[in-house]
Amino acid sequence: MSTLVIGGTGTTGGLLAPLLPDARVGTRKPRQDDHVRFDWDDPSTFDGALDGVDRVYLIPPIGAVEPAPVVESFLARARHVRRVVLLSSSAVPETATGIGALPALVRAVPEWAVLRPSWFMQNFTGDHPPAAGVRAGEIVTATGDGRVGFVDAADIAAVAARALTDPEPHNTDHVITGPEALGYAEVAAIITDLTGRVVRHRSVSTAEMTDRLAAELPREYAALLAGLDEDIRGGAEDRVTTTVQDVTGRPARSFRDFYRDFLSRTSTA
Ligand SMILES: NC(=O)c1ccc[n+]([C@@H]2O[C@H](COP(=O)([O-])OP(=O)(O)OC[C@H]3O[C@@H](n4cnc5c(N)ncnc54)[C@H](OP(=O)(O)O)[C@@H]3O)[C@@H](O)[C@H]2O)c1
């Protein structure tokens, strides 16, 4: 038996798969022996990906405003799966529809955990808008002075690995943050300090943020993301938890350590 890691080539899944002895990486484009074809947009891939699997790391379809029906049909084919660990988000409230409906589906599996990480530190290094802002010298958000408990995806992967492999199922929600809550201006100051290149934060209105994101994303999804910025402005993400320490036995990584490590890896790449 093995663990299907959906999104196993992505930000958290790519860090999780090497931590598992038996990972099967779900991807739309299999390239290696431990890869299996899996596509949320093609349900004919579900049965093959689930064959011989007893655990699943579940990343819902990215960008889907209403993912519950397809996740429900996937779980209906996964009745032999004993344990499912869902990647949700601390920013997503429990709702009857939308991505907030997914935790209830996963809690119906015999063994489960719902991961609710705060915003990823990797948003400042990958393809996300804040990373483009870092490169341009100006990070634009609608978050004002609101703080976020930014978390390293490696710490999320470490918690996920324990939730998938611990003999006792966790059967709980894990709110996962880094060790401190920082405003985007504070993050910009750390990056400036570490790189010697000035990076600033500029906060705009929620409406302007929606327009900016809609240049790259469907408008409905852009509005959803800008609304999350507005929540941050109101203090929704201004907290830290001890989940990483409690579950893995080691402390969560700070943004300064994360970014210093990122710079050293990219300068030697
Ligand atoms: N970014 C944050 O700050 C943050 C915070 C909290 C929670 N989250 C949650 O994290 C998740 C995504 O994080 P991310 O933006 O860093 O993305 P990511 O995990 O890097 O997502 C890309 C992954 O999704 C896979 N994928 C894309 N479309 C797929 C499809 N149709 N079927 C199957 N797999 C597909 C890709 O696999 P292939 O290309 O190999 O097929 C790749 O492995 C979201 O659910 C989000 O809600 C993010």
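Which backbone oxygen does the side chain of Thr-248 reach? To find out in your viewer, select Thr-248, whose place is in helix H10, and follow its side chain to the backbone oxygen of Val-244, at 2.6 Å. The side chain of Thr-248 also reaches a backbone nitrogen, that of Arg-250, at 3.2 Å. Keep in mind throughout the tour that this is a predicted model.

**From H10 towards H11**

Stay in this part of the chain and select Arg-253, which lies in the loop between helix H10 (243-248) and helix H11 (255-268). The side chain of Arg-253 meets that of Asp-152 in a salt bridge, with 3.0 Å from N to O. Asp-152 sits in the loop between strand S8 (147-148) and helix H6 (153-165), so the pair ties together parts that are 101 residues apart in sequence. Colour the two partners by accessibility and they part ways: Asp-152 is buried, with a relative accessible area of 2%, whereas Arg-253, with 27%, is partly exposed.

Next, move into helix H11 itself and select Asp-261 together with Arg-265, which both lie in this helix, four residues apart, or about one turn of the helix. Residues three or four places apart point the same way, because an α-helix has 3.6 residues a turn. Here the two side chains form a salt bridge, and the closest N and O atoms are 3.3 Å apart. Arg-265 is partly exposed, with a relative accessible area of 46%, and Asp-261 is partly exposed as well, with 25%.

**Further salt bridges**

Side chains of opposite charge can pair when their charged atoms come close. How many salt bridges does the structure hold? There are 21 salt bridges in the structure, and another one to show is that between Arg-107 and Asp-173, where the closest N and O atoms are 3.0 Å apart. Arg-107 belongs to the loop between helix H4 (102-106) and strand S6 (111-117), while Asp-173 belongs to strand S9 (residues 172-176), so this pair ties together parts that are 66 residues apart in sequence. Both partners can be checked for accessibility: Arg-107 is partly exposed, at 30% relative accessible area, and Asp-173 also counts as partly exposed, at 27%.

For a group rather than a pair, select Asp-54, Arg-55, Arg-82, Arg-83 and Glu-111, which are linked in a network of salt bridges.

**Two buried valines**

Now select Val-114, whose place is in strand S6. Val-114 is buried, with a relative accessible area of 0%. If you draw a distance from its C-alpha atom to that of Leu-102, twelve residues away along the chain, the viewer should give 9.3 Å.

Then go to Val-134, in helix H5 (residues 129-136), which at 4% relative accessibility counts as buried. Its C-alpha atom is separated by 8.1 Å from that of Arg-200, although these two residues are 66 residues apart along the chain.

**Along helix H7**

Select residues 184-195 to show helix H7. At 1.5 Å a residue, the twelve residues of this helix should span 16 Å, and the C-alpha atoms at its ends are 16 Å apart, which agrees. Which residues of H7 are buried? They are Tyr-184, Val-187, Ala-188, Ile-190 and Ile-191. These buried residues cover an arc of only 160° around the axis, which puts them on the same side of H7; a view down the axis is a good way to look at this arrangement. Step past the end of the helix to Gly-196, which follows H7 and has a positive phi, near 75°.

**The ligand and its surroundings**

Finally, select the ligand and display what is around it: 22 residues surround the ligand, and the closest are Thr-9, Thr-11, Thr-27, Arg-28 and Asn-123. Begin with Arg-28, which has a polar side-chain atom 2.7 Å from an oxygen atom of the ligand. Gly-7 approaches through its backbone, with an N or O atom 3.4 Å from an oxygen atom of the ligand. At Asp-39, look instead for a nitrogen atom of the ligand, which lies 3.0 Å from a polar side-chain atom of this residue. Taken alone the ligand exposes 910 Å², of which the protein buries 81%.

Key
Residues numbered from 1 in each chain as written. Predicted model: local features only at pLDDT ≥ 70, side-chain atom pairs only at ≥ 80, totals over all residues. Heavy atoms only, no water. Expected span 1.5 Å × (residues − 1). Buried < 20%, exposed > 50% of the residue type's maximum accessible area, 1.4 Å probe, protein only. Arc of directions from axis to C-beta. Salt bridge = Lys/Arg side-chain N within 4 Å of Asp/Glu carboxyl O. Near = heavy atom within 4 Å. Polar contact = N/O pair within 3.5 Å; in protein donor to acceptor, adjacent residues only side chain to side chain. Areas by Shrake-Rupley, 256 points an atom, 1.4 Å probe, with all protein chains shown as cover.
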